[in-house]
Amino acid sequence: DTQAIGGGSIVIHKENNPPAAPASMPEDSFLLTAYPIPANPEVWIPYRLSGDSNVVIRIYDVSGHQVRMLDLGSQSAGYYIDKSKAAYWDGQNEAGEKVSSGIYFYNIQAGKYTATRKMLILK
């Protein structure tokens, strides 16, 4: 069985980078997929904010232990997508040691918005 889908478009990105931010302000906050995929071990964590917020990103291992906290402070509404604006994680834990290869989870808290995604770190 097949089903026709009307409207919309498909965009294929050849590079392992996110798309450019639109010119208008976002209608909602959203946590996007970290890049590059897989990370090795540097990671950029893109997101968008619908309103001004204090932003904190926490990295967890598969056991649920917090590996690192990135306190980004007060951020204005907008798109934090490209490498110059996205949150940056150097692949180190709170003690400054490189984390091992594996699956990690990243969580964003921005005002009332919270979301979690997973990422793969390969060395």
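**Close-up views of the predicted model**

**View A. Pro36 lies in the loop between strand S1 (30–31) and S2.** The structure shown in this and the following views is a predicted model. The peptide bond that joins Tyr35 to Pro36 is cis, with omega at about 0°. A cis peptide bond also links Ile37 to Pro38, where omega is near -10°. Pro38, like Pro36, belongs to the loop between S1 and S2. Tyr35, the residue that precedes Pro36 across the cis bond, is buried, and its ring reappears in View B.

**View B. Tyr35, Trp44 and Tyr88 make up one aromatic cluster.** Over the whole structure, four aromatic pairs are found. One of these is the stacked pair of Tyr35 and Trp44, with 6.3 Å from centre to centre and 20° between the ring planes. Tyr35 and Trp44 are each buried. Which residue lies over the face of Trp44? Lys83 takes this position, at 4.3 Å from the ring centre.

**View C. Tyr47 and Tyr80 form an aromatic pair with centres 4.9 Å apart.** A pair of aromatic rings is described by the distance of the centres and the angle of the planes. The planes of Tyr47 and Tyr80 meet at 10°, and the pair is therefore stacked. Because Tyr47 is part of strand S3 (residues 47–49) and Tyr80 is part of strand S6 (residues 78–80), the pair ties together parts that are 33 residues apart in sequence. Are these rings buried or exposed? Tyr47 is buried, as is Tyr80.

**View D. Strands S1, S3 and S6 form an open sheet in the order S1-S3-S6.** The pairing in this sheet of three strands is antiparallel. S1 and S6 are the edge strands, each of which pairs on one side only. Three bridges connect S3 with S6 in the antiparallel sense. Within this strand pair, Arg48 stands opposite Tyr79 of S6. The stacked rings of View C belong to these strands as well, with Tyr47 in S3 and Tyr80 in S6.

**View E. An open sheet of four strands follows the order S5-S4-S8-S9.** Its strands pair in the antiparallel sense. The edges are formed by strand S5 (66–75) and S9, and each of these pairs on one side only. Direction ignored, neighbouring strands of the sheet are turned by 15° against each other on average. Strand S4 (residues 53–61) is joined to S8 by seven bridges, again antiparallel. Across this pairing, Ile57 has Ile108 in S8 as its bridge partner.

**View F. S8 and S9 form a hairpin with two residues between the strands.** Strand S8 (residues 102–110) runs antiparallel to strand S9 (residues 113–121), and nine bridges join the two. Ile103 has Leu120 of S9 opposite it. Which residue of the hairpin takes a positive phi? Gly111 does, with a value near 65°.

**View G. The largest nonpolar core of the model contains 23 residues.** In soluble globular proteins, nonpolar side chains tend to be buried together. The members that touch the most other members of this core are Ile45, Tyr47, Ile57, Ile59, Trp89 and Met119. Tyr47 is also a partner in the stacked pair of View C, and Ile57 is the residue bridged to Ile108 in View E. Strand S2 (43–45), S3, S4, S5, strand S7 (87–89), S8 and S9 each contribute at least two residues to the core. Which strand provides the largest share? S8 does, with four residues.

**View H. Trp89 is shown with the residues that it touches, residues up to four places away in sequence not being counted.** Among them are Pro41, Glu42 and Val43, and further Ile59, Val67, Arg68 and Leu70. Val99, Met119 and Ile121 are also touched by Trp89. Of the residues in this view, Trp89, Ile59 and Met119 are among those that touch the most other members of the largest nonpolar core.

**View I. The whole protein chain comprises nine strands and zero helices.** From the N terminus onward, the order of elements is β-β-β-β-β-β-β-β-β. Of the 123 residues in the chain, 34% count as buried. Among contacts with a separation of 6 or more, 54% are between residues 24 or more positions apart.

Conventions
Residues are numbered from 1 along each chain as its sequence is written. This is a predicted model: local features need pLDDT of at least 70, side-chain atom pairs count only at pLDDT 80 or more; totals for chains, interfaces and linings use all residues. Side-chain values use heavy atoms; hydrogens and water are left out. Two strands pair if DSSP finds at least two bridges between them. Axes are lines fitted to C-alpha atoms, for helices over the stretch in contact, and angles run from 0 to 180 degrees between N-to-C directions. Rings of Phe, Tyr and Trp (its six-membered ring) pair if their centres lie within 6.5 Å; planes under 30 degrees apart count as stacked, over 60 as edge-to-face and the rest as tilted. Buried means under 20% relative accessible area, exposed over 50%, partly exposed in between (1.4 Å probe, protein chains only). A charge sits over a ring if NZ of Lys or CZ of Arg is within 6 Å of the ring centre and within 35 degrees of the ring normal. A nonpolar core is a set of buried Ala, Val, Leu, Ile, Met, Phe, Trp, Tyr and Cys residues joined through side-chain atoms within 4.5 Å. Contact means heavy atoms within 4.5 Å.
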